[in-house]
Amino acid sequence: MASSEPPKRPRPGPWPPAPESAALPPSSWAKRTGFRPKFSGETNASNSGPVTPQPRPKEPDTRLDLESGGAKPAANGEPDAADKVPTMPPSQAVKDQAAKRRRDSDGGAPPKSSDPARGNGAVVPAAVAAAPTSRRQARNDDVVDVLPQTVDDDGFMSRQSHLKYELRDKPGLVPIGLYGFQHYLSMLGSLILIPLVIVPAMGGTYEDTARVVSTVLFVSGMTTLLHTSLGSRLPLIQGPSFVFLAPVLAIINSPEFLGLNGNVEVVDLNDYFGEQNQSGRLDFPLMSTLASISVRVFFPPELMNFKHIMKELQGAMIIASAFQTILGYSGLMTVILRLINPVVVAPTIAAVGLSFYSYGFPRVGTCLEIGTVQILLVIIFSLYLRKISVFGHRIFLIYAVPLGLAITWAAAFLLTEAGAYSYKGCDANVPASNIISEHCRKHVARMKHCRVDTSHALKASPWFRFPYPLQWGTPVFHWKMALVMCVVSIISSVDSVGSYHASSLLVASRPPTPGVVSRGIGLEGLSSILAGLWGTGTGSTTLTENVHTIAVTKMGSRRAVELGACVLIVLSLVGKVGGFLASIPEVMAAALLCFMWAMLTALGLSNLRYSEAGSSRNVIIVGLSLFFSLSVPAYFQQYGISPNTNLSVPSYFQPYIVASHGPFHTTYGGLNYVMNTLLSLHMVIAFLVAVVLDNTVPGSQQERGVYVWSEPEAARREPTVAKDYELPFRVGRVFRWVKWVGL
C-alpha cells in the first residue's frame with residue numbers, strides 16, 4: 001500500500017534540507033536578501049527554529065528595491081552571491097573607513113566581538129565569535145560591521161551608517177543648528193497640539209492657551225536636555241505625549257467639574273468690587289464700615305474652570321510621576337522589561353491613536369473646506385511628493401505638517417479678508433446664547449470655526465514671559481485621579497521602551513542595557529514631576545514620533561537635539577511665539593491631529609517588524625488586542641446612556657464622561673471612578689490583553705520578537721557602547737554600584 005502512493009512534492013524552504021557544504025549561515029542569507037537583522041534583535045541563529053527557512057545553495061540575489069517596488073537585477077557575468085564576497089561602492093567604502101577610524105578612536109574594538117546575526121547588537125563572548133568557518137570570518141573582515149544598504153521610503157536601514165550625523169558626532173555649529181531646528185520643526189505638531197485641545201476643554205481663554213503653549217515649549221526643552229544628559233542619552237525629544245491626552249480629557253470631564261455649577265468659593269468682596277485707595281487696599285464703598293466681608297458667590301465657568309482643573313491635573317501628574325520615578329530608579333523596570341515585547345508595544349501604541357476617532361473628523365467637519373484641504377495637503381506632501389529633494393533634503397516629507405499648516409492658514413486668511421465668512425449684522429465674538437437674529441444663529445458656527453481672526457491670543461500675549469513653577473496655584477491632590485495617572489504612566493513607559501529600542505538601532509552601536517532603560521524611565525518620571533510643577537496639563541515623556549523623525553531627517557546627533565532644546569527654551573520666553581501658535585484655528589489643529597493620530601497608529605504597528613508579523617500566534621494576539629481595545633471601552637462609554645439622554649458635553653467629548661454613568665456601582669465612589677475611567681481607555685485594554693496573551697501563549701523568541709538588550713558586563717568592556725550610554729562628567733562611575741544608574 002505504501003509503495004502505490006504517489007511521490008510527495010518537496011516542500012519549500014528547509015524541506016528537504018540543503019547540503020551542509022553548500023548551506024550558508026543565516027546572517028549571509030539576511031545580507032543577500034536585504035532582511036534587516038540589526039533592526040529586529042530576534043534573528044539569532046541559535047533560536048530561530050523552523051520559522052526562518054534555510055537558504056538554498058547558489059540562490060540568486062533577491063534583494064528588493066523598495067523605492068522602485070521590484071528586485072534589483074544582477075549584472076551579466078556576476079558570480080553568484082554565495083561564492084563571492086560582496087563588494088561595496090566607493091561611497092560606502094568611505095563610510096566604512098570612517099567607521100574604522102571611529103572604532104579605533106573608541107578603543108579599537110574588533111568587529112568580531114559581535115555577531116551580525118544578532119539583530120539587537122548584543123555582545124557575545126570572543127570564543128563564540130571565533131567559532132564560524134573561514135568563509136564567514138573573511139566575510140566579516142570585509143564588511144566591517146556595515147550591512148547591505150537596503151533603504152525604504154522613510155530611510156530605515158540596517159545600520160546607522162546612512163545617518164548624516166551619528167550619536168556622538170560633533171560637527172560645526174551651523175550644521176548642528178540647521179539640523180536641530182529641522183528636527184524640532186518636523187515634530188511641531190506633537191509639541192503644540194495637545195494644549196490646543198485640553199485648554200479650551202477646561203474653559204480656558206486664548207490667553208490661557210498661549211501661556212500653556214509657552215510652558216510646554218519651556219518644559220520640553222528643559223526635560224530634553226536632562227534626558228540626553230542623564231537619561232538614556234539617546235537623541236530623543238521629550239514632550240507632552242498623546243498617551244496622556246485621553247486620561248486628561250477624562251479628568252476634565254469628571255462629574256465634579258462639569259459646568260462647576262456647585263463650585264462656590266468664600267471670597268472677599270473687596271477683591272472683586274472694591275476701589276483701590278492710596279495704600280493699595282481695595283475698599284468696598286457700600287460697606288466702608290466693615291474691614292472686609294466674605295460671602296458665598298458663584299463664578300462663571302470661564303473664571304473658575306481652567307485654573308481649578310489645571311491644579312487637579314498637576315496634583316495627579318506629580319503623584320503618578322513620582323511612582324514612575326520609583327519604578328525606574330528602584331530597578332523594578334528591569335523586571336517589567338521581561339514582559340514588554342513588540343507584540344505588546346504594537347497594539348498598545350496603536351490603540352492610543354485609534355482612541356481619538358470620535359474627536360478627529362467630527363471637529364474637521366465644522367469647516368470642511370478648510371479641514372479637508374489641510375488633510376489633503378499633508379497627505380500629498382508626505383506621500384506623493386516625498387521623494388522630491390531640494391539641496392539634498394526631502395523637504396516635503398520632513399516638513400509635511402508645517403508646510404500644510406502654513407498653506408492652509410494663508411488660504412483661510414485670504415478667504416476671511418475677502419469676506420467669505422462675513423455675514424451682515426453678525427459678530428463671531430458674540431456668544432451663541434446671546435444672538436437673537438435667526439440669520440446669525442444659522443451662520444455663527446461657520447463664522448467661529450472658519451474665520452482666522454477670532455483668536456486674540458497673539459495680540460494679548462506679552463513680548464516676554466517667563467514660565468515659572470506653580471503659576472496656576474497650589475496643586476490639588478485626589479487619590480482617585482492620581483491612581484488613574486499611575487496606570488497611564490506604566491503605558492507611557494511601555495511606549496518609551498519601544499522608542500528606546502528602535503532609536504538605538506538607528507543611531508547607537510548597540511541597544512542600551514536594562515539599567516540604561518531603567519535610568520531613562522526614572523528620569524522621565526522626574527521630567528513629568530517638573531511638568532506637573534510648571535503646569536503643562538500633561539506629563540513629559542519620550543515622543544513616539546522620534547523614531548520616524550530620526551529616520552527621515554537622518555539626524556542622530558545628540559548635540560543637535562540639545563541645541564534645539566536650548567532654542568526651544570529661548571522661544572518659550574517670547575510670549576508672542578506662544579500667542580502665535582495658540583492662534584492656530586481649531587479646525588486646522590483637528591486636521592493635523594487626524595494625521596498625527598494616524599501616524600501614531602502606524603508607528604505603533606510598525607513595532608511588529610521586530611517579530612514574525614505573519615505568525616498566526618502574533619496575528620491573533622494583535623487582532624484581539626485591537627478589537628477589544630475598541631469594543632470594551634465602547635461598552636463602558638455607552639452604558640447607561642439612552643438615545644434621549646441630554647448630555648452637557650459636546651458629542652466628541654462623550655467618550656470621556658464615563659465616570660458619571662459607568663457600569664461599576666459600589667459603595668466606594670472613588671473605586672467606581674477609577675475602574676470606570678481606566679476600563680474606558682483604549683490603550684489600557686490593549687495593553688492588558690496583549691501583555692497577558694503574549695506572556696502566556698507559547699512561542700519562540702524569534703516569533704515573539706523578544707527585545708534583547710545589551711549585557712551590562714559586555715557593554716562595559718566595549719568602548720563604543722560605554723561612550724554611547726555612560727553618564728557625563730564621570731557621574732556614572734560614582735554610582736556604578738547601582739546597576740540601574742550606570743551601565
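Leaving aside neighbours within four places in sequence, with which residues is Ile 198 in contact? In this predicted model, the residues touched by Ile 198 beyond that range are Leu 245, Val 248, Leu 249 and Ile 252, together with Thr 536, Gly 537 and Thr 538. Leu 245, Val 248, Leu 249 and Ile 252 are buried residues of helix H9, and Ile 198 itself falls within residues 184–206, a span that UniProt, in an unreviewed entry, lists as a transmembrane region.

The surroundings of helix H9 were examined next. The helix covers residues 245–252, and because eight of its eight residues are buried, it is largely enclosed by the rest of the structure. Besides the four contacts of Ile 198, the buried residues of H9 include Ala 246, Pro 247, Ala 250 and Ile 251. Leu 245 also belongs to the largest nonpolar core, which has 118 residues, and it is among the members that touch the most other members, a group that further comprises Ile 192, Ile 198, Met 202, Phe 242 and Met 588. The largest share of this core, twelve residues, is contributed by helix H20, which spans residues 479–507. Another core lies apart from it and consists of seven residues, among them Val 343, Leu 608, Ile 621 and Val 622.

For the chain as a whole, 32 helices and eight strands were assigned. Of its 743 residues, 53% count as buried, and its accessible surface comes to about 32,900 Å², with 63% of that area belonging to carbon and sulfur atoms. When contacts between residues at least 6 apart in sequence are considered, 82% of them join residues at least 24 apart.

The unreviewed UniProt entry lists further transmembrane regions at residues 316–340, 360–384, 396–415, 560–581, 587–606, 618–636 and 673–693. Two of these spans were compared with the model. Residues 396–415 are 95% helix and 0% strand, with the end C-alpha atoms lying 25 Å apart, while residues 560–581 are 91% helix and 0% strand, with an end-to-end C-alpha separation of 23 Å. Cys 566, whose number falls in the second of these listed spans, counts as partly exposed at 35% relative accessibility.

An aromatic pair brings together Trp 409 and Phe 580, whose ring centres are 5.1 Å apart and whose planes meet at 25°, so the pair is stacked. Because Trp 409 lies in helix H17 (residues 400–417) and Phe 580 in helix H24 (residues 575–582), this pair ties together parts that are 171 residues apart in sequence. The two partners differ in their accessibility class: Trp 409 counts as buried, at 15% relative accessibility, whereas Phe 580 counts as partly exposed, at 42%. Across the whole structure, 17 aromatic pairs were found, and ring pairs link Phe 242, Phe 356, Tyr 359, Trp 597, Tyr 652 and Phe 653 into a cluster. Phe 242 thus appears both in this cluster and among the core members that touch the most others.

The structure holds one disulfide, which joins Cys 367 to Cys 450 with an S to S distance of 2.0 Å. The link connects distant parts of the chain, 83 residues apart, with Cys 367 in the loop between helix H14 (360–364) and helix H15 (368–384) and Cys 450 in helix H18 (residues 438–450). With 120° about the S-S bond, the link is right-handed. Both ends are withdrawn from the surface by the criterion of under 20% relative accessible area, since Cys 367 counts as buried at 1% and Cys 450 counts as buried at 2%.

Two further positions were considered individually. Ser 528, placed in helix H21 (residues 514–534), is buried, with a relative accessible area of 1%. Not counting residues up to four places away in sequence, Ser 528 touches Met 317, Ser 321, Gln 324, Gly 539 and Ser 540. Glu 612, by contrast, is partly exposed, with a relative accessible area of 22%, and lies in the loop between helix H25 (586–605) and helix H26 (616–638). Although Glu 612 and Pro 342 are 270 residues apart in sequence, their C-alpha atoms are 10.0 Å apart in space.

Terms used
Residues numbered from 1 in each chain as written. Predicted model: local features only at pLDDT ≥ 70, side-chain atom pairs only at ≥ 80, totals over all residues. Heavy atoms only, no water. Buried < 20%, exposed > 50% of the residue type's maximum accessible area, 1.4 Å probe, protein only. Helix = DSSP H or I, 4+ residues; strand = E, 2+ residues; numbered from the N terminus. Contact = heavy atoms within 4.5 Å. Areas by Shrake-Rupley, 256 points an atom, 1.4 Å probe, with all protein chains shown as cover. UniProt positions renumbered as here; feature names shortened; annotations may be inferred. Disulfide = S-S within 2.5 Å. Core = buried A, V, L, I, M, F, W, Y, C linked by side-chain atoms within 4.5 Å. Phe/Tyr/Trp six-rings, centres within 6.5 Å; stacked < 30°, edge-to-face > 60°.
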